[in-house]
Each structure stands twice: as structure tokens, then as C-alpha cells.
Amino acid sequence: MSKPTTEMAATETSPSEVVPPLRQSLIARLARNRLSLVGAFLVAVAGFMALSAPFLPLADPNAVNTADRLADIGSPGHLLGADELGRYILSRLFWRARITLAVSLAATAIAMTVGTIMGLVSGYLLGWADTVISRVVDVLMAFPFFLLALSEIAILGPGLLNGMPAVALVNVPFFARIVRGTTLTLRESDFVLAARGMGAGHSRILFRHILLNSVSTLIIATTLNIGWMITAAAALSLLGLGVQPPTSDWGTMLASGRQYLSAPPHTSLLPGLVIFFTVLGFNLLGDGLRDALDPRMREV
Amino acid sequence: MRKYLLGRLAQTIPVLFGISILVFAMLHLAPGDPADMLLGSEATAESVEKLRHDMGLDRPLVVQYVAWAGRMVKGDMGRSTVLNRQVLPEIVKRFKATLILTAGALTFAVVFGVGIGILAATYQHSVFDSVAMLIALAGVSMPIFFTGIAAILIFAMDLRWLPSSGMYPAAGGDIFDLLRHLILPAVTLGAVSAAILARMTRSAMLEVIRQDYVRTARAKGVGERRVIWVHALRNASITIVTVLGMQFGYLLGGSVITETVFSWPGIGQMMVRAIQARDYPMVQGGVLLVATSFVFVNLAVDLLYAWLDPRIRYS
């Protein structure tokens with residue numbers, strides 16, 4: 001079916017105008033999917049909030065104004081109202097985006113790095129290394145996701161720096177499994193056999209050939225993972241096990257607002273909405289990237 | 001099937017062993033000496049030393065592990081350092097509450113998720129299909145704590161239809177009180193799973209509906225309702241059961257947050273408190289029980305999977 005179409009296209013347009021689908025840029029393929037554009041926009045908004053906070057004329061996010069306690073949305077001088085200590089919610093949402101996103105991105109980076117190395121070694125070396133790593137991954141996956149994070153916090157104690165590796169650890173098996181799968185396929189591919197035949201060493205084959213060819217899979221997995229990381233980090237803060245006062249993130253904002261639900265509920269609803277839209281953004285973008293880069297992963 | 005069952009059972013042994021190692025290591029990996037931690041900062045050096053000896057902490061780690069595992073198998077999980085009660089009866093009581101919550105969430109997820117998925121596939125490209133899938137898409141990204149707080153605000157505080165916390169009224173109650181208390185937390189916990197199930201069921205059904213045997217059934221004059229609910233659903237159920245099994249772990253983990261938001265007296269809420277109080281025997285018991293039950297749920301899902309699709313057990 002495709003051949004006649006190509007021939008027809010070639011006769012009606014000049015060769016330079018014909019763009020083979022595979023050569024279309026990632027952005028062009030993403031742009032065809034409107035939902036992924038919405039996702040990219042939501043992620044950009046969250047990124048803007050985190051990056052622009054120091055440069056915008058925002059009020060001090062920690063300044064306590066008891067006279068303005070629980071000020072409603074739209075009240076004079078408080079576009080998004082004030083929390084239980086009279087602190088400006090708009091300003092706090094912008095400033096706290098930095099910690100929320102930093103923790104989530106750092107946790108994703110840790111999980112991706114550790115998981116990728118485990119997956120590469122396991123899928124490439126096979127033998128006892130594969131057996132050991134696969135069993136470790138099996139055990140980690142035997143824990144309900146959030147329970148594993150709680151177990152690690154039980155060992156290390158609550159706190160920002162302990163919460164980060166805890167949510168990262170939960171996702172190590174996710175990356176390890178995916179990378180092991182692609183490594184198993186790629187290690188038998190012609191170009192890897194050719195590289196081996198030309199005398200390339202293990203590290204060159206692993207990092208130059210196999211890892212580089214796994215990048216698109218990794219990008220999809222990472223984007224889909226960040227949403228979960230944001231939710232998990234916020235949930236830990238909500239339970240009082242993540243970020244500790246006086247530092248706060250969107251999760252702690254929501255936790256403190258939860259105590260005042262009978263008052264105007266915006267103190268907890270606004271941080272909740274911001275978390276929801278950011279997670280939705282990463283999920284939509286991840287879905288779009290998956291469809292654009294690797295449609296075979298659609299049901300993963 | 002028997003060979004498959006035995007093989008699959010054997011696979012759980014190294015996993016259970018790994019879980020036990022992790023749980024055992026919990027107390028030893030924590031900073032500071034376990035005896036110091038259990039007795040607090042004001043304990044004398046002699047009492048710490050005595051506890052170290054009583055707990056067997058002065059023995060080699062392997063010996064300690066074997067003794068600890070032996071006690072666990074017999075159901076002796078030690079005493080809670082905060083409540084000063086035996087751990088096992090306490091976590092069993094809490095675990096029952098968590099199972100009620102998880103079962104409620106799973107029921108909601110299956111009824112609504114699978115039901116909406118089937119209807120969306122049957123009426124593909126209809127308004128119902130588009131709206132349902134848009135809601136499901138948003139639902140997947142909805143954090144449990146946010147759904148919970150929104151549910152409390154709308155249904156408990158504004159409309160006053162349902163209670164916002166606890167499992168029974170303060171003065172006690174019957175099964176109907178339990179069900180009334182269960183609705184909000186179960187729907188909150190099951191919402192994400194329902195959204196995922198709806199999307200997966202729709203795509204699985206759409207794939208099955210296009211198969212030759214469905215066309216044959218229609219050509220033979222089988223009614224549309226029977227084609228969808230018997231012929232198509234049975235074959236789509238393999239995907240549904242797989243997703244359901246994966247969701248169980250999410251529900252057990254998510255119950256920690258749901259129980260905290262709705263003050264549900266389950267094992268998750270207990271563990272958060274135990275972690276904050278550094279009550280290690282309680283945390284160890286809770287983690288061991290939940291992780292072990294998760295392993296057996298996965299085993300049950302795999303067996304169900306093999307029963308639904310005979311190709312699996314022979315491959």
C-alpha cells in the first residue's frame with residue numbers, strides 16, 4: 001500500500017518537498033498530538049513558576065501577617081488569598097515549585113541512573129550478574145510502591161534528603177527492567193555484533209552503542225515517571241515524612257491547609273490543583289513522546 | 001497446571017527470603033545502635049548493654065537473622081516499643097481494616113473502570129466515549145490526597161451526605177455504618193485504578209472486537225449483548241486481570257495516604273505513626289505482613305492469568 005502512495009507523491013511534488021515520516025522532527029510529531037501540546041504547556045508553566053520566582057515582584061513567601069489569616073481568593077492585595085499564618089499563597093506556590101520540582105527531578109535522575117546501570121549490566125553481561133540483579137529487582141518489586149519508600153524512611157528518618165532517595169529507590173526497578181529489555185534486544189543486533197567484530201571493548205559497546213540507542217525509551221520512561229515522583233514526594237510531605245519545616249513544598253502547603261478545611265478551603269485546594277495540573281502535564285507529555293518516539297510502547 | 005503452580009510457588013521463595021532480609025536489616029541499617037534507639041537517650045550504659053545481650057545483638061548477624069526469622073515464622077513479632085503490646089494482634093486488627101478499604105476500592109475500580117471501558121469501546125467515537133476517556137485521562141493524574149480532600153469538602157462538609165473520617169461512628173455501629181464510612185475513602189483510593197482500568201479495558205475490547213471470531217459470532221446471529229459480554233469480554237479479561245494485579249500493589253501503597261486523609265484505622269496509618277515514633281518492631285511487622293500478602297496476591301493473579309489463557313502455563 002505504501003509504495004504506490006510514495007510513487008504518486010514523487011510524481012506530484014519535487015523530491016525535496018517529500019518528507020519521509022521518520023525524518024520528521026520530534027517536535028513536529030509531538031505537535032500533531034494536541035494533548036501532548038497541552039502537557040508541554042502545563043510542564044512549561046510549572047517550570048516557569050520554579051525558575052521565575054526570584055525574578056518576579058512576589059511578596060516574601062515566609063512573611064507572617066496574622067491580620068490576613070486565611071484571606072480569601074481575590075481579597076485586596078492577595079490574588080490567591082493567604083494561608084493560616086497570613087502568608088501569600090501565590091508567592092508560596094511559585095517559591096515552593098522550586099523544592100517540589102527539584103526533589104522530583106533529582107529523585108528521577110537518581111532512579112534513572114541507578115536503574116539504567118543495573119539494566120545495562122544485567123542485560124549485557126547476563127550470567128550471575130543478571131541473576132543477582134534480576135533477583136534484587138524482583139524483591140524490590142515485591143513491595144507495594146509506596147511501602148518501599150516508607151521502609152526506607154523508617155531506616156533513614158523523615159526529611160527532605162531522605163525522602164528523595166526513598167522515592168527514587170521505588171522507581172529503580174522500573175528503569176532497570178526497561179533498560180534490561182532493550183539491552184537484551186540490542187546486544188544481538190547487527191551493529192553491536194559489527195562493533196564487537198571491529199574490536200570495540202565492553203564499555204564502548206555498552207555506553208556508545210547500546211545506551212545511545214536506548215535513549216528514546218529512557219526519555220519516555222523518565223517523563224512518565226516524573227509525574228509519579230511529584231505525587232509521591234508531595235504525599236510524603238503530606239504525611240509529615242518528607243520535607244520538614246521550616247522548609248516546605250507543595251505537599252506541606254497542602255498538609256497545613258488540610259487543618260483548615262472548614263475555613264475557605266483554598267489553602268489546600270490551590271496547592272492540590274497545582275500538583276494535579278503539573279502531574280497531568282508530565283503524563284500527557286510522556287504519552288505524546290511515547291507515541292512520537294516509540295508507538296510499540298503504547299500499552300506499556 | 002500443577003507443574004506450573006509448583007514452579008510459580010518455588011519462584012516466591014527467593015522473593016520472600018529477600019523481603020525478610022530487607023525487613024531484618026531495617027533495624028540494623030538505621031543510624032545508631034538498636035538497643036540505644038529502643039531505650040532512648042536517657043538510658044544508662046549498663047541497661048543498654050543488658051538489652052543488647054537480651055536481644056542477642058552481641059551475636060553474629062547470621063545467627064541473629066536465623067533466630068529472628070524463626071520467631072517471625074512462629075508469629076512472634078515482638079512488642080511495640082510505644083504501645084507496649086504484642087505487635088501481631090495489633091497489625092492483624094489494623095490489616096483487616098486496610099483489607100476492607102482495599103476491597104472497597106477494588107470493587108469500585110472494577111465496576112466503574114471495566115464497565116465504563118466496555119461501554120466506551122462499544123460506543124466508540126460517541127460523546128460518552130470522548131467524555132469518559134477525557135475524565136479517565138485526568139483521573140490517572142489525580143493524586144489520592146487531592147481527590148480525598150476534594151471529596152471531604154464536597155460530600156462530607158458541603159452536602160453532608162457522608163462521614164469524613166473513621167470507620168464507625170464514635171458510639172459504635174453496624175455494617176451499614178461501616179459502608180457509609182467506607183464510600184468516600186474507597187472511591188478516593190479506587191479512582192486512579194478505575195481510570196487506568198477504563199482506558200485499558202477500552203483498548204483491550206477494541207482489539208478483541210475486531211477479531212475474526214467476534215465477526216463469526218455476529219455472522220452466526222449471536223445477539224450483540226452476548227457478543228460483547230461473553231465472547232469479547234472473556235478474551236479481553238486477560239489484559240484486565242493483568243492490570244488489576246498491578247493495581248493491587250498501588251492500592252495497598254495508596255491506602256497509607258487514604259487512611260491518613262480519612263483517619264481510617266488501617267495498617268498504613270499505623271505505620272506512619274510508628275515511623276514517626278521510631279517504633280521499629282511495629283514498622284517491621286507491618287512491612288513484612290503487607291509485602292508478604294502482596295507476593296501471594298501476585299501469585300494468585302498469575303494463576304488466574306494462566307487459567308484464563310492456557311498458552312501461558314504450557315510455554
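**Exercise 1. Work out which residues of α8(B) and α10(B) meet, and what kind of residues they are.**

Step 1. Start with the rule: two residues are in contact if their C-beta atoms, placed from the backbone, lie within 7 Å. Helices (H or I, at least four residues) and strands (E, at least two) are DSSP runs, numbered from the N terminus.

Step 2. Now list the partners. On the α8(B) side you'll find P185(B), T188(B), L189(B), S193(B), I196(B), L197(B), M200(B), T201(B), A204(B), M205(B), V208(B) and I209(B). They meet A232(B), N235(B), A236(B), T239(B), I240(B), V243(B), Q247(B), Y250(B), L251(B), G254(B), S255(B) and T258(B) in α10(B).

Step 3. Sort them. Ala, Val, Leu, Ile, Met, Phe, Trp, Tyr, Cys and Pro count as nonpolar, Asp, Glu, Lys and Arg as charged, and the others, Gly among them, as polar. The contact of α8(B) with α10(B) then splits into 15 nonpolar, nine polar and no charged residues.

A quick note before you go on: this is a predicted model, where local features need pLDDT of at least 70, side-chain atom pairs count only at pLDDT 80 or more, and totals for chains, interfaces and linings use all residues. Residues are numbered from 1 along each chain as its sequence is written, while chains are lettered from A and ligands numbered from 1 in the order in which they are written.

**Exercise 2. Describe how α8(B) and α10(B) pack.**

Step 1. Two packed helices are described by the angle between their axes and the distance between the axes. Axes are lines fitted to C-alpha atoms, for helices over the stretch in contact, and angles run from 0 to 180 degrees between N-to-C directions.

Step 2. Helix α8(B) and helix α10 (residues 224–261) of chain B pack at an angle of about 160°, and their axes are 9 Å apart. That makes α8(B) roughly antiparallel to α10(B). The cut-offs: angles under 35 degrees count as roughly parallel, over 145 as roughly antiparallel, 65 to 115 as roughly perpendicular and the rest as oblique.

Step 3. Add the handedness: α8(B) passes α10(B) in a right-handed crossing. A crossing is left-handed if the near helix is turned anticlockwise from the far one by less than a right angle, and right-handed if clockwise.

**Exercise 3. Do the same for α5(A) and α1(B), a pair from two chains.**

Step 1. The axes of α5(A) and helix α1 (residues 2–29) of chain B cross at roughly 70° and come within 9 Å. The two helices are therefore roughly perpendicular to each other.

Step 2. From α5(A), R135(A), D138(A) and V139(A) take part, and they meet P14(B), V15(B), G18(B), I19(B) and L22(B) in α1(B). This contact divides into five nonpolar, one polar and two charged residues.

**Exercise 4. Size up the whole contact between the chains.**

Step 1. Chain A puts in 35 residues and chain B 38 residues.

Step 2. On the side of chain A that touches chain B, α5 (127–141), α6 (145–156), α10 (215–238), α11 (250–258) and α12 (266–293) each supply at least two residues. The largest share, eight residues, comes from α6(A).

Step 3. That side of chain A has 23 nonpolar, eight polar and four charged residues.

**Exercise 5. Find the centre of the largest nonpolar core.**

Step 1. A nonpolar core is a set of buried Ala, Val, Leu, Ile, Met, Phe, Trp, Tyr and Cys residues joined through C-beta atoms within 7 Å. A residue is buried if 20 or more other C-beta atoms lie within 10 Å of its own, exposed if 12 or fewer, and partly exposed in between, with C-beta atoms placed from the backbone.

Step 2. The largest core has 158 residues, and A149(A) and V167(A) have the most contacts inside it. Helix α8 (residues 175–209) of chain B gives the most to this core, with 16 residues.

Step 3. Leaving out residues up to four places away in sequence, V167(A) touches A107(A), A149(A), M229(A), A232(A), A233(A) and L236(A).

**Exercise 6. Decide whether H125(B) and R160(B) are buried or exposed, and check their phi.**

Step 1. H125(B) sits in the loop between α5 and α6 (127–140) of chain B. With 8 other C-beta atoms within 10 Å, H125(B) is exposed.

Step 2. R160(B) lies in the loop between α7 (144–158) and α8 of chain B. R160(B) is exposed too, with 9 other C-beta atoms within 10 Å.

Step 3. Most residues other than glycine have a negative phi. Yet phi is positive here: near 70° for H125(B) and near 55° for R160(B).
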